[in-house]
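The paragraphs that follow go through a single protein chain, beginning with its overall make-up and then turning to its cores, its strands and its enclosed and open spaces. Please keep the sequence and the model in view while reading.

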Amino acid sequence: MKNILVQFSRIFVGLLFIISGLIKLNDPVGFSYKLGEYFSEPVLNLPFLEPHALAIALFVVILETVLGFMLLIGFKSRFTIWSLLLMIVFFTFLTFYSAYFNKVTDCGCFGDALKLTPWQSFTKDIILSVFIFILFFNIKSIKPLFNRNFQNALASLAVVLCCFMGYWVLYHLPLKDFRAYKVGTNIQKGMEIPEGAPKAVVEMVFVYNVNGVNQNFTEKDLMNLPAGATFVDRIDHVISEGYKPPIHDFTMELDNSDYKDELLQEPKLLIFVAYDLAKADKKGMQILESLNQKAKSKGYKVIAMTASSQDEIKKTKENFGCTFDFYFCDGTTLKTIERANPSIVILNKGTIVQKVHYNDVDLLKL
């Protein structure tokens, strides 16, 4: 019975680490954004790590995937289980911290493929910790499946394949797109709120100064405010979240006007997405104007979308000779649309029909 539990723990932990690692390895840029949230001042206050978030993300997801594989084949079981134990202790701390202090609303454990609340993530890590401790106290029961040379070859191959996958998705696109803006998505439909969908329940608390002391009052209490009370602030407490459509905060603003309703009706719309022009890849930016002229000759309307300032837009137009307009959209939304900076997206009346990395413009079908 004990051996069955140990072997079940081995398979369960190994597969979960492999699945979780591969999902994040499919989109390491997205995971680096999540790590950036953890490193930011309001959360862990480690801003010096933010510039290295992508490198750390790649290292963590490759290690997570390889350790899961090593556990399954029984390769260097003592090192593997100690490493898994240290990782799960660290992950459990992060998920508890984000849940208890409500700092990061999604841990990013399974990328965009499966969204978990902070408390769900913490619960998942606690359960996983139990199985890892079972393995830790029964290390001698974890036997290798193959001979030593074959084990070494398999572990080395796993490292090489994971590194290659990381390289590929960084310089092209994720192999599988789990985001709200994947090819085939209609943006207008993605923004719709179904009839009868639950609405957010918010309790408004009003802060009034009464005889030099701030006191909280509900809406019902306002009818009986003490004499001389002066308004200080209003605090909204969200009791329950309402339905949030998959696509939200999507705008196409130019000169303080939102043109998304008009632009999303275009049958041929080519969009250059560059969430931050200051960080945009120069090689990618250099090809945009020639692509703009080519697309226009085939009847496309061409625009760019960015979250950068007008000064940065002006500088970009001067440096790269861009003749197309730059529309404003929230930076987080643009990062969700596509990971490359810049990238190319083609829409047909609001439906995403193509997305390519700037390294793959030869694959673009105009």
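Of the 366 residues in the protein chain, 45% count as buried, and it should be kept in mind throughout that the model is a predicted one. The chain contains twelve helices and ten strands, and its C-alpha trace spans about 70 × 65 × 40 Å along the principal axes. When contacts between residues at least 6 apart in sequence are considered, 72% of them join residues at least 24 apart.

A natural place to begin is the largest nonpolar core, which has 40 residues, and in which Val13, Phe17, Leu25, Leu84, Leu128, Ile132 and Leu135 have the most contacts inside the core. At least two residues of this core come from each of α1, α2, α3, α4, α5 and α6, the last of these covering residues 148-171, while α3 gives the most, with eleven residues. Which residues is isoleucine 132 in contact with, once its neighbours within four places in sequence are left aside? They are Val13, Phe17, Ile81, Leu84, Leu85 and Ile88. Separate from this core is a second one of 21 residues, which includes Met252, Leu263, Leu264 and Ile337.

The helices also frame an open space. The second largest pocket has a volume of about 490 Å³, and 30 residues line it, with Val60, Met87, Phe90, Phe91 and Leu94 lying nearest its centre. Two or more lining residues are given by each of α1 (2-25), α2 (28-39), α3 (53-73), α4 (77-100) and α5 (118-136), and of the elements it is α4 that gives the most to this lining, with eight residues. Sorted by class, the lining of the second largest pocket has 23 nonpolar residues, three polar ones and four charged ones.

Attention can now move to the strands, and to β6 in particular. Five of the five residues of β6, which covers residues 269-273, are buried, so the strand is largely enclosed by the rest of the structure. In a regular strand the side chains alternate between the two faces of the sheet. In β6 both faces are covered, with Leu269, Ile271 and Val273 buried on one side and Leu270 and Phe272 buried on the other.

The pairing of β6 involves two further strands. Five bridges join β6 to β7 (residues 301-306), and these two strands run parallel; within β7, alanine 304 is the bridge partner of phenylalanine 272. Five bridges likewise join β6 to β9 (residues 343-348), but here the strands run antiparallel, and the bridge partner of leucine 270 in β9 is isoleucine 346.

The strands β6 and β9 appear again around an enclosed space. The count of cavities of 30 Å³ or more comes to one, and the largest cavity has a volume of about 50 Å³. The residues that line the largest cavity are Tyr181, Ile187, Phe250, Ile271, Val273, Met305, Ile337, Val345, Leu347 and Ile352, and the elements that give two or more residues to this lining are β6 and β9. How do these residues divide by class, and how many of them are nonpolar, polar or charged? The lining of the largest cavity has ten nonpolar residues, no polar residues and no charged residues. Ile271 and Val273, which belong to one buried side of β6, are among the residues that line this cavity, and Ile337, also part of the lining, is included in the second core.

How values were computed:
Residues are numbered from 1 along each chain as its sequence is written. This is a predicted model: local features need pLDDT of at least 70, side-chain atom pairs count only at pLDDT 80 or more; totals for chains, interfaces and linings use all residues. Side-chain values use heavy atoms; hydrogens and water are left out. On a 1 Å grid over the protein atoms alone, a cavity is a set of points where a 1.4 Å probe fits but cannot get out, and a pocket is an open set with protein on both sides within 12 Å along at least five of seven lines; lining residues have an atom within 4 Å of a point. Grid points are joined across faces, edges and corners, and a volume is the space filled by probe spheres set on the points. Helices (H or I, at least four residues) and strands (E, at least two) are DSSP runs, numbered from the N terminus. Ala, Val, Leu, Ile, Met, Phe, Trp, Tyr, Cys and Pro count as nonpolar, Asp, Glu, Lys and Arg as charged, and the others, Gly among them, as polar. Buried means under 20% relative accessible area, exposed over 50%, partly exposed in between (1.4 Å probe, protein chains only). Two strands pair if DSSP finds at least two bridges between them. A nonpolar core is a set of buried Ala, Val, Leu, Ile, Met, Phe, Trp, Tyr and Cys residues joined through side-chain atoms within 4.5 Å. Contact means heavy atoms within 4.5 Å.
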